[in-house]
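Visitor: I should like to understand the terms applied to this protein. Please set each one against its definition.

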Amino acid sequence: MSLFKFLSPAKALRDARQFVVTRKKHEWWMLIPALVVTGGVLVAFYLDSVARPEWKRPEIIWVKDWRLDRSDAEIEAQQAIDKAEKDKLDAELEKKRKARRDEFKKIDDGLKSWGL
């Protein structure tokens, strides 16, 4: 119970008033960036805890079932068809990669012109 005799709202207000009065002007100006940085960190933690990626439908990969009695000619013919499709997809992917590289090269050239 001896702890409660030190806790008084009047003493707390008097102490807070004395603290406020004894601060210099530059200390009040430095309070603003300190509060902004602290608030920014708290907001970033809050947004990180709340932000959730949208649900994405799972991608289904269908696997072909082949007969066990296929001839080698049938297998090679199917492989030729699959290779043509794969080459087409690879060409599209390489085209997208080249476009992305060109975008980054443009940014890099712009930064080099600034001396960065």
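**Terms and their grounds**

Guide: Of the 116 residues of the protein, 1% count as buried. Buried means under 20% relative accessible area, exposed over 50%, and partly exposed in between, with a 1.4 Å probe and protein chains only. This is a predicted model, in which local features need pLDDT of at least 70 and side-chain atom pairs count only at pLDDT 80 or more, while totals for chains, interfaces and linings use all residues. Residues are numbered from 1 along each chain as its sequence is written, and side-chain values use heavy atoms, with hydrogens and water left out.

Visitor: What is the mean pLDDT of the protein?

Guide: The mean is 89, and 97% of the residues reach 70 or more; pLDDT is the predictor's confidence in each residue, from 0 to 100. Among the elements, α3 has the highest mean, 95, and α1 the lowest, 86.

Visitor: How many helices and strands does the protein have?

Guide: There are three helices and zero strands, in the order α-α-α along the sequence. Helices (H or I, at least four residues) and strands (E, at least two) are DSSP runs, numbered from the N terminus.

Visitor: How does the radius of gyration of the protein stand against that of a compact globule?

Guide: A compact globule of 116 residues would have a radius near 13 Å, but the protein has 34 Å. The radius is taken over C-alpha atoms, and the globule rule is 2.2 Å times the number of residues to the power 0.38. The C-alpha atoms fill a box of roughly 95 × 55 × 20 Å along the principal axes.

Visitor: What span does helix α3 reach, and what is expected?

Guide: Helix α3, residues 72-113, has 42 residues and reaches 59 Å from its first C-alpha to its last, close to the 62 Å expected. The expected span is 1.5 Å times one less than the number of residues. Just after α3, Gly-115 takes a positive phi of about 90°.

Visitor: What makes the contact of Lys-86 and Asp-90 a salt bridge?

Guide: A salt bridge is a side-chain nitrogen of Lys or Arg within 4 Å of a carboxyl oxygen of Asp or Glu. The N to O distance between Lys-86 and Asp-90 is 2.9 Å, so the pair meets the rule. Both residues lie in helix α3, four residues apart, about one turn of the helix. By this rule the count comes to ten salt bridges.

Visitor: Why is the pair Lys-112 and Asp-108 also called a salt bridge?

Guide: The closest N and O atoms are 3.7 Å apart, and this distance therefore satisfies the cut-off. Lys-112 is exposed, with a relative accessible area of 55%, whereas Asp-108 is partly exposed, at 35%. Salt bridges that share partners also join Arg-67, Asp-69 and Glu-74 into one network.

Visitor: Why is Trp-28 called partly exposed?

Guide: Its relative accessibility is 37%, which lies between the two cut-offs, so Trp-28 counts as partly exposed.

Visitor: Which residues form the nonpolar patch on the surface?

Guide: Phe-19, Val-20, Trp-28, Leu-31 and Leu-35 form the patch, with about 470 Å² of accessible area together. Patches are made of residues with over 30% relative accessible area and no salt bridge; like charges are joined within 9 Å, and nonpolar side chains (Val, Leu, Ile, Met, Phe, Trp, Tyr) within 5 Å. Accessible areas come from the Shrake-Rupley method with a 1.4 Å probe, and for residues only the protein chains shown count as cover. Helix α2 (25-50) and helix α1 (9-21) each supply at least two residues, and α2 gives the most, with three.
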